[in-house]
Amino acid sequence: MNLSLHDVSFRYKDKGPDILEHVTVSFQQGELVALTGRNGSGKTTITRIITGLEKPKSGSVEWDGKDITMWDAAERSRFIGYVFQQPDRQMFMPTVREEVAFGPRQQGKNEAEIQAIVTEALKATDLADRETEYPRSLSRGDKQRVAIASAIAMSSKYLILDEPTSGQDGREKKNLIELLHSLCQKGMTVILVTHDMDIAAGDCSRIIVVADHKIAFDGTAEALFSQDRKPESWGLTYPVSVVLGRTLPGNPYCGDIETFMECYEKVRRNQ
Amino acid sequence: MSRNVPLTKIIFTLCTAVWALVLHQPLSLLALCFFELMVLALSGQMKKQFRAVFILSGFAAFLGAVQYAGGGTLDSAYTAGLRMMDMTLMFLFLLGTTRLQDLTASMVKQLKIPYEYAFMFTASLRFVPDFLEENRAVAEAQACRGLVIKGNIFKKISRYLAVVQPLMLRSLARSESMALSLELRGFGGKHRTFMESVAPGKSDYLVMIFCAAVTAGVIALRFFYQA
């Protein structure tokens with residue numbers, strides 16, 4: 001099942017500047033994709049078009065061979081989940097369990113079905129022991145897990161997270177990434193809107209860079225960070241592990257610190 | 001007039017409200033309404049405030065209809081609707097052409113309203129656009145969870161609660177952090193000063209004289225000609 005944008009152009013006002021120009025991109029099942037670029041480059045606009053919060057001025061959005069350009073956000077919520085940068089925008093129920101059950105209730109599922117789905121979603125996000133807690137009093141990381149559980153409970157095939165790691169400590173970040181990997185293994189496609197190049201390089205199977213209103217790059221982290229100076233011109237910083245890897249003999253590409261340590265150990269042993 | 005100091009605009013706005021209360025013939029109230037619309041147009045506010053004027057017109061029509069349905073005459077219905085329009089239109093001009101910090105300064109320095117109350121008033125006005133933006137964001141977040149606000153009015157209201165509840169909770173949290181932020185920056189100190197100069201000039205005194213003359217004229221018209 002493919003989700004794709006075909007030749008999409010977009011501007012917020014009829015006479016305003018183009019935010020996106022002829023963007024074509026598609027997402028495959030089970031991918032963990034980083035969508036990145038400078039602030040204001042149009043990353044969030046792409047995700048808003050995917051979710052149906054904005055309609056393209058030209059071009060189309062397709063899912064599973066169907067043209068869904070005119071479907072609104074509520075219709076697309078059956079297969080696309082969106083975790084906002086501030087997840088408490090959507091939280092108002094007295095317990096985590098009821099919060100997660102809100103989406104399936106909107107879908108008109110019966111009570112037995114809802115309870116089974118919610119239990120499964122809470123288990124998948126490691127929130128089973130917090131189901132009776134008040135969602136708004138949780139930490140930011142846990143609120144995000146509640147929002148992800150809400151998306152899982154709606155049987156989302158695609159999960160979009162807007163800046164999910166901002167304001168999180170190292171442990172919360174690690175837990176979140178582990179959770180996202182496990183969701184990808186189950187076949188969910190995860191799209192991260194992020195400036196965190198360590199996560200993009202170390203954890204994402206694909207990076208899409210948005211610059212000058214277009215898709216400037218679409219490929220692996222290794223291909224992106226092997227390009228000399230290009231990432232900097234798009235407002236991206238090199239991950240520490242990549243920079244350190246370049247200092248070793250043979251300039252190996254190190255997507256994360258663990259890979260760098262392995263390369264370093266090899267070099268040390270050879271010496 | 002949009003360049004006048006806030007005190008002048010406040011006096012002008014209050015005067016138009018007095019004129020609207022004194023006049024009681026639909027034709028005089030209609031004339032006042034045209035005058036106020038002209039002020040809005042000449043100050044360049046008509047385009048910006050068009051939506052608000054449109055909503056006010058709807059509300060005036062509703063008020064007139066209620067008056068008529070409650071046993072009033074057609075004349076009294078026109079009067080109720082037009083009076084409401086006349087009393088509120090100039091507030092759009094006042095708020096659209098005055099910086100909120102100037103308004104606060106004027107309320108405190110010239111009208112001698114305690115700073116806390118003046119600040120509360122202008123802060124609540126400042127939060128209206130933020131509140132609308134937050135409302136949009138929460139509605140979008142809930143739409144992404146499958147919320148559709150459709151159906152009859154009761155269904156719409158009950159579904160809209162899913163937007164209103166998080167909106168209220170977030171607004172409360174926000175007011176708490178704002179209170180903290182104000183305290184941390186010495187809000188309520190006795191020796192507060194204002195950067196803004198809101199002292200009236202020549203043109204302000206001219207407008208004030210105009211307001212006083214028209215108010216006297218309107219009262220005379222009412223008593224001698226039943227306007």
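This is a chat about a predicted model with chains A and B.

Visitor: Start with chain A. What does the secondary structure of chain A come to?

Guide: Eleven helices and ten strands.

Visitor: And how does the radius of gyration of chain A sit against the globule rule?

Guide: The radius of gyration is 20 Å, and the rule gives 18 Å for 271 residues. Those two values are close, so chain A is as compact as a globular protein of that length.

Visitor: What does the C-alpha trace of chain A span along its principal axes?

Guide: About 65 × 50 × 30 Å.

Visitor: What percentage of chain A is buried?

Guide: Buried residues are 42% of the 271 in chain A. As for contacts in chain A with a separation of 6 or more, 64% of them are between residues 24 or more positions apart.

Visitor: Switching to chain B. How is chain B divided?

Guide: Into domain 1, which covers 1-110 + 200-227, and domain 2, which covers 114-189. Taken over C-alpha atoms, the centres of these two domains of chain B are 29 Å apart.

Visitor: How many residues of each domain of chain B are in contact with the other?

Guide: Six residues of domain 1 of chain B are in contact with six of domain 2 of chain B. On the domain 1 side, the largest share is five residues, from helix α5 (residues 100-109) of chain B. By class, that side has five nonpolar residues, one polar and no charged ones.

Visitor: Which chain B helices supply at least two residues each to the side that touches chain A?

Guide: First the totals: the contact takes 16 residues from chain B and 19 residues from chain A. On the chain B side, α6 (115-143) and α7 (153-184) each supply at least two residues. The largest share there is six residues, and it comes from α6(B).

Visitor: What is that side of chain B like by class?

Guide: Ten nonpolar, three polar and three charged residues.

Visitor: Last topic, α8(B). How far does this helix reach from its first C-alpha to its last?

Guide: Helix α8 of chain B, residues 202-225, reaches 33 Å. For its 24 residues, 34 Å is expected at 1.5 Å a residue, so the reach is close to that.

Visitor: Does α8(B) lie largely in the open or largely buried, and why?

Guide: Largely in the open, because the number of buried residues among its 24 is two.

Visitor: What comes just after α8(B)?

Guide: Gln226(B), which takes a positive phi of about 55°.

Notes: Residues numbered from 1 in each chain as written. Chains lettered and ligands numbered in written order. Predicted model: local features only at pLDDT ≥ 70, side-chain atom pairs only at ≥ 80, totals over all residues. Helix = DSSP H or I, 4+ residues; strand = E, 2+ residues; numbered from the N terminus. Buried ≥ 20, exposed ≤ 12 C-beta atoms within 10 Å, placed from the backbone. Contact = placed C-beta atoms within 7 Å. Nonpolar A, V, L, I, M, F, W, Y, C, P; charged D, E, K, R; others polar. Rg over C-alpha atoms; globule rule 2.2 N^0.38 Å. Domains from an automatic or database assignment.
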